[in-house]
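Subject: Structure handover

Hello,

Here is the structure I promised. Please open it alongside these notes.

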Amino acid sequence: MAGEIRRISETLMRIFSLFGDPWVLAERNSLLPWLYEHTPDPRYRRAYEVTVARSLSQSREDAACRAAFREAGIPLIPLKGGILREVYPAPHLRQMYDLDYLYRKEDQEKAHEVMARLGYEPDKTGEYHHDEYVKPPLLTVELHRDLIPGIFKVSRYFDGVWEKATENAEGAWELPLEIQYLFFIAHFAKHMTERGGAGIRSLVDLYFWEKAWGDQMNRDEIAEGLSEMELTAFENKYREMALYLFSRDNPDLEPYRKELRFMTLCGTFGDAEVSAEQRIQHDGGSRAGYVFRRLFPSYRAMCVYFPRLSKCPPLLPFYYVKRMFRALTVHRGNLRAECNALKENKRREKEQKKAEKARKRAEKKNKKKASSDGDQTKKD
């Protein structure tokens with residue numbers, strides 16, 4: 001285990017050193033404990049201690065949440081880091097900012113009561129696809145009603161997921177490894193292609209998942225799911241990348257330099273400007289189309305953002321105003337990033353048009369010169 005921590009830590013240090021201060025980038029990618037365990041830096045002692053303290057608190061709260069929901073008769077399934085941290089060399093090495101669980105939509109009110117008894121305060125509930133609860137200073141819990149929000153195409157694959165869930169002898173609910181893995185890949189791909197990127201931690205997750213459970217999963221079922229979600233090439237690329245980078249000493253980073261740079265600089269939660277640029281491209285490069293869609297999402301999308309809307313569709317204009325107000329007050333940083341992305345997209349478009357005009361002028365000039373030289377040759 002110590003050898004594995006050393007090997008992965010050294011690889012991470014090499015990756016981050018390619019693109020800036022390795023400690024700053026490790027923190028942005030939620031991988032600071034790996035570097036600190038191997039080569040402690042006094043500048044980051046406090047950040048490391050907070051990470052360890054949060055991990056210990058999360059372990060206690062995870063046990064408390066599972067027990068409380070089980071006692072209340074509410075099925076609860078841990079997701080993402082909640083299961084991955086079990087196969088890391090130490091739980092705190094899999095840094096998490098919240099505990100994620102899947103629960104049934106019809107249990108929302110009972111779940112709210114359980115969280116209140118556990119000392120949590122609701123932060124964001126009844127909106128988007130999860131309810132968020134906080135317990136200062138370090139604890140956040142997200143209770144997901146769906147694995148993937150309905151605004152994403154791959155969400156259809158996870159419809160009826162509770163039909164595949166089972167209750168074990170201890171009364172805990174579980175999803176098959178294949179479903180958890182396909183959810184992990186779909187979530188990873190969503191961030192990489194539509195949410196401004198995903199950090200290097202996703203590759204470390206992929207490595208430990210494959211190491212722990214790769215031989216236990218039904219590969220035919222995995223292949224079928226990936227094909228249905230059109231993620232076969234994506235999964236192959238990043239699984240091979242993760243296994244290559246973290247299963248050997250001193251791997252060659254050059255073949256993956258482009259992908260590593262993108263993931264490292266975007267960080268765990270993605271880059272808002274990159275996300276905006278990705279969405280513009282999804283709209284066919286149309287800035288006007290992008291702006292309109294951001295101001296007035298479809299009714300289906302709005303029902304995902306505000307589930308209560310589905311019970312009273314005529315309130316759609318009210319929820320458009322509410323969403324805009326929130327963007328101007330709560331999410332000003334993201335709004336600023338999107339505006340910057342629009343400006344950058346416009347600047348790049350102008351440069352491309354300018355370059356295209358210059359190319360056409362050069363072609364025309366060359367044709368004219370070639371024609372002139374041909375005429376001169378005939379005269380000679």
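A definition before the details: contact here means heavy atoms within 4.5 Å. Angles between elements are taken between axes fitted to C-alpha atoms, in the N-to-C direction. Please keep in mind that this is a predicted model.

**Overall**

The protein chain has 380 residues, and 46% of them are buried. Its secondary structure amounts to 16 helices and seven strands. Along the principal axes, the C-alpha atoms fill a box of roughly 100 × 60 × 45 Å. Take the contacts between residues at least 6 apart in sequence: 65% of these join residues at least 24 apart.

**The sheet**

Start with the open sheet. Five strands make it up, in the order β1-β2-β5-β4-β3. The pairing is mixed. The edges belong to β1 (76-78) and β3 (121-124). Each has a single partner strand, so one side of each lacks a neighbour in the sheet. On average, neighbouring strands are turned by 30° against each other, direction ignored.

Now look at β5, residues 139-144. Which strands does β5 pair with, and in what sense? With β2 (residues 99-103), the pairing is parallel, over four bridges. With β4, the pairing is antiparallel, and six bridges join the two. β4 and β5 also form a hairpin, with three residues between them.

Some residue pairs help to find the register. On the β2 side, L99 stands opposite V141, and Y101 stands opposite L143. On the β4 side, Y133 stands opposite V141. V141 therefore has L99 across from it in β2 and Y133 across from it in β4, and backbone hydrogen bonds are what pair the strands of a sheet.

How many residues of β5 are buried? Six of the six, so the strand is largely enclosed by the rest of the structure. Both faces are covered. L139, V141 and L143 are buried on one side. T140, E142 and H144 are buried on the other.

**The helix across the sheet**

Helix α4 (residues 45-71) lies across β1, β2, β4 (130-135) and β5. The helix runs at about 15° to β2.

**The cavity**

There is one cavity of 30 Å³ or more. Its volume is about 30 Å³. The lining consists of K80, I83, L84, Q180, F183, F184 and W209. By type, that is five nonpolar residues, one polar and one charged. Two helices, α5 (81-84) and α7 (177-194), each supply at least two of the lining residues. α7 gives the most, with three.

**D205**

One more residue to click on is D205, in helix α8 (residues 201-213). Is D205 buried or exposed? It is buried, with a relative accessible area of 2%; the cut-off for buried is under 20%. What does D205 touch, leaving aside its neighbours within four places in sequence? D205 is in contact with L84, Y88, R94 and F184. Among these, L84 and F184 also line the largest cavity.

**Where to look**

For a quick tour, begin at β5 with its two covered faces. Then turn to α4, lying across four strands of the sheet, β5 among them. Finish at the cavity lining and D205 in α8.

Best wishes

Conventions
Residues numbered from 1 in each chain as written. Predicted model: local features only at pLDDT ≥ 70, side-chain atom pairs only at ≥ 80, totals over all residues. Heavy atoms only, no water. Pairing = 2+ DSSP bridges. Axes fitted to C-alpha atoms, helices over the stretch in contact; angles between N-to-C directions. 1 Å grid on protein atoms, 1.4 Å probe; cavity = no way out; pocket = protein on both sides within 12 Å on 5 of 7 lines; lining within 4 Å. Points joined across faces, edges and corners; volume = space filled by probe spheres on them. Nonpolar A, V, L, I, M, F, W, Y, C, P; charged D, E, K, R; others polar. Buried < 20%, exposed > 50% of the residue type's maximum accessible area, 1.4 Å probe, protein only.
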